[in-house]
Amino acid sequence: MPYLIAAVVLLGLLSAFNLVLTLTLIRRLRGHGAAHPGHGELAAPPMALEPGSQIGDFTATTTEGEPVTQAGLPALVAFFSANCPPCHELAPRFAELTTGLPRLAVVTGEDPELVAVLSPAVRVVVEDYDGAVSGAFQNTWTPALYIVDGGQRVVATGGRLEDLPLEAPA
């Protein structure tokens with residue numbers, strides 16, 4: 001009988017602790033929502049490297065066999081992933097984009113369709129989710145866009161082309 005009482009008391013304490021944690025999480029989420037009044041607006045993706053940040057060193061090979069390193073920048077770099085609907089929506093626009101910057105697309109995971117959309121017009125690197133280019137940019141989100149200058153510093157970031165300071169074609 002004492003084991004049964006101890007088990008019931010322990011279960012009650014664990015349930016109370018779980019309730020406290022849940023209420024704390026709800027309070028934080030409500031506070032976070034109040035700090036960002038534009039609930040209907042698209043939130044910016046979580047970027048580890050902000051403008052002014054230095055990107056790390058990397059070496060990769062494009063689908064055409066061309067070596068790519070951080071020394072080959074400035075560029076407009078985009079990260080896409082397999083099974084990502086927003087990535088599939090953005091890819092054709094990224095491929096058709098006309099800017100003065102070279103473009104590099106990094107596709108994580110197996111997605112031949114996405115590579116086919118990008119590869120005619122853009123240098124494409126296919127890598128695992130923890131690949132060299134993703135690691136150099138500390139990128140964990142897709143789609144993610146970076147403008148990088150010749151000093152390998154991030155100039156701008158965004159999750160959509162409209163988030164970047166790109167000149168419209170004349």
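In this predicted model, helix H2, which spans residues 85-96, has among its residues Cys87, Leu90, Ala91, Phe94 and Ala95 in buried positions. Viewed down the axis of H2, these buried residues fall within an arc of 135°, so they line one face of the helix. The face of H2 turned away from that buried side carries Pro85, Glu89 and Glu96, which are exposed. As for what the buried side meets, the buried residues of H2 pack against strand E3 (75-81), strand E4 (103-108), helix H3 (112-118) and strand E6 (144-148).

Two of these elements, strands E3 and E6, bring us to the aromatic residues. With ring centres required to lie within 6.5 Å of each other, the count comes to 5 aromatic pairs. In one of them, the rings of Phe79 and Tyr146 have their centres 5.8 Å apart and their planes at 85°, so the pair is edge-to-face. Because Phe79 belongs to strand E3 and Tyr146 to strand E6, this pair ties together parts of the chain that are 67 residues apart in sequence. Phe79 is buried, with a relative accessible area of 1%, and Tyr146 is buried as well, with a relative accessible area of 0%.

A further edge-to-face pair is formed by Phe80 and Phe94, whose rings are 5.8 Å apart centre to centre, with 65° between their planes. This pair links distant parts of the chain, since Phe80 lies in strand E3 and Phe94 in helix H2, 14 residues apart; both Phe80 and Phe94 are buried. Returning to Phe79 and Tyr146, ring pairs link these two residues with Phe58 and Phe137 into a cluster.

Definitions and conventions. Residues numbered from 1 in each chain as written. Predicted model: local features only at pLDDT ≥ 70, side-chain atom pairs only at ≥ 80, totals over all residues. Heavy atoms only, no water. Buried < 20%, exposed > 50% of the residue type's maximum accessible area, 1.4 Å probe, protein only. Helix = DSSP H or I, 4+ residues; strand = E, 2+ residues; numbered from the N terminus. Arc of directions from axis to C-beta. Contact = heavy atoms within 4.5 Å. Phe/Tyr/Trp six-rings, centres within 6.5 Å; stacked < 30°, edge-to-face > 60°.
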